[in-house]
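Here's a quick walk through one model, from the fold of one chain to a contact between chains and then a bit of empty space. Have the viewer open while you read.

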Amino acid sequence: MADSHNTDATKPFNPDTDGFAHEESELESHFQSKHMVINMGPSHPATHGTVRLKVELEGETIVKIDPEIGFLHRGFQKSCENVTWTQCLPYTDRLNYLSAMMNNFGFLNAVEKLIGLEIPERAQYIRVIGSELHRLTDHLTCVGATGLEMGGFAPFLYGMEARELLQDRVTELTGARLTTSFGRVGGINRDLPEGWIAKVHKTLTRTEELLQEMDGLLTRNRIFVDRTKGTGIISAADAIDYGWTGPALRACGVDHDLRKTHPYWVYERFDFESVVGEHGDNYDRYLVRLEEMRQSIRILRQAMDTIPAGPIIVDDWRIALPPKPEVYGTIEGVMAHFKLVMEGIQVPPGEVYDATEASNGELGWYLVSDGRGRPYKVHVRAPGFPVLAALPHIIQGKMLADLVPTFDTINMIGGEVEQ
Amino acid sequence: MDRVAAQFPEAVAERYVDRAGGAWAVIHAEWLPKVATFLKMDPELDFKLFGSADAVDRLHLAENDPRFEIVYFLYSLSRKEHVRLKVRVTETRPEVPSLAAVYRGANWWERLAFDFYGIRFVDHPDLRRILLYEEFQGHPLRKDYALRDRQPLIPERPIKDIFRGPGTSGVA
């Protein structure tokens with residue numbers, strides 16, 4: 001390998017010919033390895049989203065890697081700061097296209113904390129159900145794509161089948177497949193459709209079967225294990241220093257799950273375990289996600305069995321839109337409706353930081369209100385951002401082939417990282 | 001925050017606990033690395049997990065002097081507690097000592113704040129734009145940056161969209 005290196009800096013170096021042309025026998029020389037820069041992405045099949053990785057290679061070893069994320073930047077913050085609080089919801093949906101409801105509810109949770117609002121119990125249950133459904137779809141996509149990029153197409157198809165089934169349920173619940181905009185400040189938009197819970201139970205049974213299939217195909221597969229076990233390792237201390245959260249941090253052996261440590265909504269009523277790994281490598285991150293899906297199914301079943309009857313949104317016309325008969329029949333209803341739509345919810349001035357456990361980790365919202373109908377400042381702490389920031393630290397000095405599983409299992413989501 | 005105030009009495013300019021129970025303190029800029037190191041290294045406080053960092057442009061707020069506020073979000077796994085460190089800097093000299101040496105996670109978040117608000121982090125190892133391209137003029141999340149201002153790298157085709165509009169550089 002060393003013979004391709006031109007140590008003499010004064011001589012111009014042609015990487016294509018030098019170091020080999022003068023070899024006595026090219027057949028006996030080492031495999032041609034030269035210093036080269038390759039661009040992975042944007043829109044490379046192995047880089048999800050539109051991230052561009054500038055990789056400097058020495059042979060097959062990665063010498064330097066520079067992730068460049070600015071390709072999709074949509075001005076999320078600026079957009080939010082120029083519309084009312086409720087109008088932010090569609091923007092939050094698009095942060096993570098696979099778990100729209102989680103982003104949506106996380107944002108609303110922060111707004112409600114800023115107002116000091118307690119939402120009805122049934123709404124809390126529905127938020128838990130929606131979040132866990134989307135945690136399933138998100139993890140299924142990640143695990144399936146990991147299998148796909150390790151060369152296995154079947155696990156991906158199983159994952160997609162389960163995901164599509166779940167997304168059909170999401171569609172029945174919210175009316176939209178990906179960008180749901182299902183939450184409202186003070187509750188949620190609509191109640192559960194009739195017969196929906198029984199359908200979800202059936203879907204979950206099928207999902208469990210498909211998970212079993214994926215588990216059987218991947219977990220002890222020689223190729224998969226060889227490529228993921230012991231690659232992409234990060235120590236727990238480094239992961240914490242970089243600000244990792246969620247399954248990626250738990251795979252390092254740190255038991256940190258906001259659903260357990262800071263229970264929000266009704267999470268403390270459910271019996272589930274936070275899944276913890278050991279080594280912090282790709283294989284552990286995969287296993288943690290797989291087990292977390294089973295825990296999500298447990299939560300879903302418990303939530304659907306114990307969901308109480310009651311209102312789904314607060315009865316306060318300064319926050320939630322009045323019921324339609326009131327709007328059409330009374331002057332107070334018309335006025336409340338008009339003021340809410342035209343001016344937005346009057347959130348008292350102040351600031352709040354609130355975080356929920358999204359599928360990839362801590363989704364934090366720092367909101368500043370100046371007392372008018374629009375947010376003054378919306379800062380989103382996207383879980384994928386610190387994870388991607390640590391990628392050079394993990395992968396430098398390792399092989400190019402390790403980059404693909406590492407990039408898969410950290411599950412960076414373009415929408416939230418690029419804001 | 002009581003511990004911090006006891007340890008560094010001159011560093012803390014203002015302390016507050018907001019309605020949701022979140023504790024924050026405004027630190028004088030020159031003290032920031034010391035306070036952050038203390039928060040991270042003190043075994044009782046143990047604020048090791050770097051949450052994020054961002055800036056707030058306080059141009060239109062009631063109290064808007066100094067103009068920028070840089071906020072650091074830290075989390076302690078053992079105390080299960082979030083905390084916010086704030087530094088306020090003026091428009092003419094938006095300079096803060098960087099925390100990238102204390103927390104590795106600070107590196108990218110500080111680049112983000114530099115990109116969007118033009119805050120200069122002194123001693124930052126790699127202060128470049130992170131989401132926008134190098135040639136971009138100005139800092140788009142500042143409140144005085146126009147919402148519809150556009151700086152395309154490739155000239156945009158004029159599109160007549162009266163609802164969304166192509167921005168200022170499209171149809172006259």
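Helices here are DSSP runs of H or I with at least four residues, strands are E runs of at least two, and both are numbered from the N terminus. On that basis, chain B reads α-β-β-α-β-β-β-β-α-β along its sequence, which adds up to three helices and seven strands. Its C-alpha atoms fill a box of roughly 60 × 35 × 30 Å along the principal axes.

Some housekeeping: this is a predicted model, with local features needing pLDDT of at least 70 and side-chain atom pairs counting only at pLDDT 80 or more, while totals for chains, interfaces and linings use all residues. Residues are numbered from 1 along each chain as written, chains are lettered from A in the order written, and side-chain values use heavy atoms, leaving out hydrogens and water.

**Where chain B meets chain A**

Taking contact as heavy atoms within 4.5 Å, 48 residues of chain B touch 48 residues of chain A. In chain B, B:Arg104, B:Trp108 and B:Leu131 lose the most area to chain A, together 20% of what that side buries. Buried area is the accessible area (1.4 Å probe) lost when the two parts are put together, summed over both. The total comes to about 3900 Å², with carbon and sulfur atoms giving 59%.

Eight salt bridges cross the interface, each a side-chain nitrogen of Lys or Arg within 4 Å of a carboxyl oxygen of Asp or Glu. One pairs A:Lys377 with B:Asp54, whose closest N and O atoms are 3.1 Å apart.

Several elements of chain B each bring at least two residues to the side touching chain A:

| Element of chain B | Residues |
|---|---|
| β3 | 49–57 |
| β4 | 68–76 |
| β5 | 81–89 |
| α3 | 106–117 |

β3(B) gives the most, with nine residues. By class, that side has 27 nonpolar, five polar and 16 charged residues; Ala, Val, Leu, Ile, Met, Phe, Trp, Tyr, Cys and Pro count as nonpolar, Asp, Glu, Lys and Arg as charged, and the others, Gly among them, as polar.

**The cavity**

How many cavities of 30 Å³ or more does a search of the whole structure find? Just one, using a 1 Å grid and points where a 1.4 Å probe fits but cannot get out. The largest cavity has a volume of about 40 Å³, that is, the space filled by probe spheres set on the points. Its lining (residues with an atom within 4 Å of a point) includes A:Met102, A:Trp265 and A:Glu357. α3 (100–115) and β6 (350–358) of chain A each supply at least two lining residues.

Definitions and conventions. On a 1 Å grid over the protein atoms alone, a cavity is a set of points where a 1.4 Å probe fits but cannot get out, and a pocket is an open set with protein on both sides within 12 Å along at least five of seven lines; lining residues have an atom within 4 Å of a point.
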